[in-house]
Amino acid sequence: MDRRHFLKSSLSVAAACATGVGAASVSFAAGRVDAGYRNLLVMIELKGGNDGLNTVVPFEDPTYYALRPKLAIARDAVVQLAPRAGLHPALAPILPLWEDRQLAILQGVGYPAPNLSHFRSIEIWDTASPSDVYLQDGWLTRVFGATPPPRAFAADGVIIGTNDLGPLAGAGTRAVALSNTDQFLRQARLAAPAGAAQNKAFRHILKVEADIVQAATHLDGRHAFKTEFPQGGFGAAIRTACQIVANPSGVAIVRVTLSGFDTHVGQLPTQARLLGELARGIVALKSALTELDRWNDTLVLTYAEFGRRPRENLSNGTDHGTASVQFALGGRVAGGLYGEAPSLDRLSGDGNTAFALDFRSVYATVLEKWWGVPSQPALGGTFAPVPFVKA
Amino acid sequence: MGHNPASPMMRFAPPLLRSTVVALSFASALVQPVLAATGPVLGYDDARHLLARTGFGPTDAEVRVYAALTRDAAVAKLLLDTSTVAFTKPPASATDADSLPPPRGENATEAERKAFVQQQIREGLELRAWWVEEMVTTKSPLTERMTLFWHNHFVSGQPKVRLSRLMYQQNATLRAHALGNFGMLLHAVAKDPAMLVYLDGVRNRKGAPNENFAREVMELFTLGEGNYTEKDIKEAARAFTGWSVDRATGQYLFRPALHDYGVKTVLGKSGRFDGDDVLDLLLARPETAQYVTSKLWREFVSPDVDPMEVRRIAARFRDSSYDIRVVLCEILTSKAFYASENRGTLVKSPVELIVGTVRVFDLRPDRTLPFAYAAAGMGQNLLAPPNVKGWPGGETWINTTTLLSRKQFVDRLTRADDTPAPTASAMADGNADAVRRQRFIRQMDRGLSGVHFDSDPWMTRFPGETPVERARWAQRLLLPVEPQQATDLSADSLAVVRGLVLDAAYQLK
């Protein structure tokens, strides 16, 4: 029996267990009338453009080693998952999730006519626009505009650690950005509860003040977790995310950011450190959300503006690329490999890979399969969901 | 004062602008009404409205000067008292003609490339700090407001342009024409080196046209969406081929070998057009005047455009061969501008909020970089608009994060000063540099704590026998409309000021 078969059979057992547990624990979501926003989405942005090829390594592809004489991850260092795919060694802490069938690896996620500017490309991801169309609102802002999360939620979404609202940018959504809950609660004292106003702009400001007050009323940040959160900024962001999820009034999406993936120079140590932080953060997230009995209704998604160029550059780094690999994790994720590994022998003129999965198909999965809301209006087209979440 | 920008003027005047009427049109539009200025005077609230909408946080003294003028005289004064150059001296790096060009890809070492990037980042910060300083101190606030308006119309961003020197040059060009002639501004911007880099003009060559500039000049700079075809863009792009930048000098350079001299058909007209010809075709269309007038309306009057009024004013704009002071004069003397239902309907941009607060409270910061950072934190990173469409503005300035940043900013500036100033002895013991450095770090750390606001003397500048009377004037000055929450005007002066600036109405203009 080869390793793949072995994995498959053992994982399907684990998957069955996970489904069973999931079904039992969502009783909390009994009032799921409108949309399934009690299903939590946690987005992890890998800012700067994570190198997908060294994240999920095609360790049997001689072209990979030819393109990366200095940066390739050696075959025996890779954490092998499948005949042709292995994890960067720093990601070893999430191997148990793979073995439990709770990690979906989405390969070759990108979009047509890729843009190689950080700024523009993340805007394309955040607004879910075609690459030549400029949209103002984030894709989740459009979704929540059409199908709002329950009013009783502390907020529709919380952005942790950055001021940039990304997928929640634009008016009409109750998005709160904060670095830690205590600081937010201190600042929020400057907001006043709303009243009536004479014009649209005034009304908008008062609505935003009311959003702040509502979020501040529901968040307290004092839940005592048994989980130990990793040291460092990302660990702190994960802790804050868990504090927010611990508030009983709910929130549909939390976004955390891990920065520093723009590895033009000296990639190996930098990416190893970052992927290590990512892996430890995910493990802590799973542990803390399991304490809260929320892991089975949580979907964790990584994303980034782009991947990196297959051929290493002359500075022991990699330059801006196109499609990349992303992770989906959670108690009800259907683990496995999705999409296609990049074809390194068929690179574009500028040395980049073609995409296999449109990122909007990933979003469509979130909308249709996770939240049960229509995806077509928000995504401006029909994108087939990917079967990486279970009902 | 009066630093002279490098003049990127046209080598030849486009036909539309050859008329001498151009120079005279604004004067003739104004002189008559001003001479006949015998109507009622503006009064305090209208004067405050005019200055707040066209400047940054007018002071009580400034408002009182305009309050005594008729509407026409006030607007004439406002438009005539304008500068075409900055009052403060730009950073040396911005005008240094010998500064290095970017290292060429294949020849550059990693160290060279890094040093270049670091230098541009540093220079970009200096440039932002300088611009904020100019806005904070200028005697011609309308010039800066219009420079900012054109920065958000003819967008370029340093992240792509990279060379801060080119960004400065563009800034000076926008300022030189800010209240001049829109046609000349358009022609100047089309040959502006930063723009040629930002919208890929430098990559636009015969046989391999790059349509980026041709598209945006129609969609965003002149006609507006829907008033041209894809074919027009393709043809126009050919006309702009060969418009390039001299790598050595950073100046505009026409490269004949890269120019397509063939016949083009744009907007139904055919000829061996070059770029200037195409710009004139765009200026000849009524849609251009309407598009720019609508945008000015949304900047100065209300988010809701009155189509009849815009058509009327756009016609005047076009008839004046695009004299910007003519269109502003029409807008600023219109009924709609002063209508009570349009008061407090516009959201202050971060820069307006910040610079306005500094000016109205006469804060005189010795460093302006923290203010540029503050603006960036509220979503307006000068010299780096989000994309070619610029900052969308309006209500999008305000979300939970930015509103809290805005409130925290005014909170910090109007808090009783809790950081002791460096003592005289520390300054005198020759350790001044260390003190300065520490203060800088603290400013960066805590935002803006080095700035001190003393509310008592500020409040005594208002007329009135009692503190409550003076507080009432302060409210009239600081807020465009009634506050959301009534401030206790009999409280101590700092409490009054804080109550007013923390009110939601302070976010509006």
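How many residues lie between β3(A) and β4(A) in the hairpin that they form?

## The hairpin in chain A

In this predicted model, two residues lie between β3(A) and β4(A), and the two strands together form a hairpin. Strand β3 of chain A covers residues 79–82 and strand β4 of chain A covers residues 85–87, and the two run antiparallel, joined by three bridges. Within this pairing, A:Gln80 is the residue that stands opposite A:Gly86 in β4(A).

## The sheet around the hairpin

The hairpin belongs to an open sheet of three strands in chain A, whose order is β2-β4-β3 and whose pairing is antiparallel. Because β2 (56–57) and β3 of chain A stand at the edges and each has a single partner strand, one side of each is left without a neighbour in the sheet.

The other pairing of β4(A) is with β2(A), to which two bridges join it, and these strands also run antiparallel. Here A:Val57 has A:Gly86 in β4(A) as its bridge partner, and A:Gly86 is also the residue that A:Gln80 stands opposite. As a general matter, strands of a sheet pair through backbone hydrogen bonds, in either a parallel or an antiparallel manner.

## Where chain B touches chain A

Between the two chains, 29 residues of chain B are in contact with 31 residues of chain A. On the side of chain B that touches chain A, the largest share comes from helix α21 (residues 400–413) of chain B, which contributes seven residues. Sorted by class, this side of chain B has 12 nonpolar residues, 12 polar residues and five charged residues.

Methods
Residues numbered from 1 in each chain as written. Chains lettered and ligands numbered in written order. Predicted model: local features only at pLDDT ≥ 70, side-chain atom pairs only at ≥ 80, totals over all residues. Pairing = 2+ DSSP bridges. Helix = DSSP H or I, 4+ residues; strand = E, 2+ residues; numbered from the N terminus. Contact = placed C-beta atoms within 7 Å. Nonpolar A, V, L, I, M, F, W, Y, C, P; charged D, E, K, R; others polar.
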